[in-house]
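Me: Please take me through this chain as a series of reasoned points, beginning with a polar side chain and moving on to the packing of the helices. I would like each cut-off spelled out where its term comes up.

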Amino acid sequence: MTWFNKQSRLVQIILLLIPVVNWVVEIFVRVTAVLEKPTLGNILGLVFGIIIPVFGWLDLVWVLLFNHLVLAS
């Protein structure tokens with residue numbers, strides 16, 4: 001997760017705009033978040049990211065508004 005947060009805003013937005021890349025980056029970031037800090041929010045974010053493909057679009061909006069992914073602390 002720290003890798004994603006260290007990227008510039010433009011890179012984060014571009015990674016979340018491209019559909020297949022969006023899903024891959026989201027899963028990668030969420031797995032690393034669970035490994036770093038296995039909280040309920042991080043685990044739920046990983047589960048929702050895998051099950052609900054449009055969750056990545058919500059993440060795009062969330063990154064624009066709050067500078068982090070949904071359910072990622």
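**A polar side chain and its partners**

Me: Which backbone oxygen does the side chain of Asn 42 reach at 2.7 Å?

Reply: A polar contact is a pair of N or O atoms within 3.5 Å, where within protein one atom must be able to donate a hydrogen and the other to accept it, and where residues adjacent in sequence count only if both atoms are side-chain atoms. By this criterion the side chain of Asn 42 has a partner at 2.7 Å, namely the backbone oxygen of Lys 37.

Me: What kind of model is this, and what is left out of the side-chain values?

Reply: The model is predicted, so that local features need pLDDT of at least 70 and side-chain atom pairs count only at pLDDT 80 or more, whereas totals for chains, interfaces and linings use all residues. Residues are numbered from 1 along each chain as its sequence is written, and side-chain values use heavy atoms, leaving out hydrogens and water.

Me: Is Asn 42 buried or exposed?

Reply: Asn 42 lies in helix 4, which spans residues 40-51; helices (H or I, at least four residues) and strands (E, at least two) are DSSP runs numbered from the N terminus. A polar atom of the Asn 42 side chain also lies 3.5 Å from the backbone oxygen of Ala 33. Buried means under 20% relative accessible area, exposed over 50%, and partly exposed in between, with a 1.4 Å probe and protein chains only. The relative accessibility of Asn 42 is 2%, and therefore this residue counts as buried.

**Helix packing**

Me: How are helix 2 and helix 3 oriented relative to each other?

Reply: Their axes, which are lines fitted to C-alpha atoms over the stretch in contact, with angles running from 0 to 180 degrees between N-to-C directions, lie 5 Å apart and make an angle of about 110°. Angles under 35 degrees count as roughly parallel, over 145 as roughly antiparallel, 65 to 115 as roughly perpendicular and the rest as oblique. Helix 2 and helix 3 are therefore roughly perpendicular.

Me: How many charged residues are there in the contact of helix 2 with helix 3?

Reply: Contact means heavy atoms within 4.5 Å, and here Leu 15, Leu 16 and Leu 17 of helix 2 meet Pro 19, Val 21, Asn 22 and Val 25 of helix 3. Ala, Val, Leu, Ile, Met, Phe, Trp, Tyr, Cys and Pro count as nonpolar, Asp, Glu, Lys and Arg as charged, and the others, Gly among them, as polar. The residues of this contact divide into 6 nonpolar, 1 polar and, for charged, none: no charged.

Me: How many charged residues does the contact of helix 3 with helix 5 have?

Reply: The axes of helix 3 (residues 19-36) and helix 5 (residues 55-66) come within 9 Å and cross at roughly 80°, and these two helices are therefore roughly perpendicular. Pro 19, Asn 22, Glu 26 and Arg 30 of helix 3 make the contact with Phe 55, Gly 56, Trp 57 and Asp 59 of helix 5. By class, there are 3 nonpolar and 2 polar residues, and the number of charged residues is 3.

**Core and the segment after helix 5**

Me: Which elements give two or more residues to the largest nonpolar core?

Reply: A nonpolar core is a set of buried Ala, Val, Leu, Ile, Met, Phe, Trp, Tyr and Cys residues joined through side-chain atoms within 4.5 Å. The largest has 9 residues, which are Phe 4, Leu 15, Leu 16, Val 25, Val 29, Leu 60, Val 63, Leu 69 and Ala 72. Two or more of these residues come from each of helix 2 (9-17), helix 3 and helix 5.

Me: Which backbone nitrogen does the side chain of Asp 59 reach at 3.0 Å?

Reply: Asp 59 lies in helix 5 and, at 0% relative accessibility, counts as buried. Not counting residues up to four places away in sequence, Asp 59 touches Leu 16, Glu 26, Arg 30, Leu 69 and Val 70. Its side chain reaches, at 3.0 Å, the backbone nitrogen of Val 70.

Me: What is the phi of Asn 67?

Reply: Most residues other than glycine have a negative phi. Asn 67, in the segment after helix 5, is not a glycine, yet its phi is positive, at about 65°.
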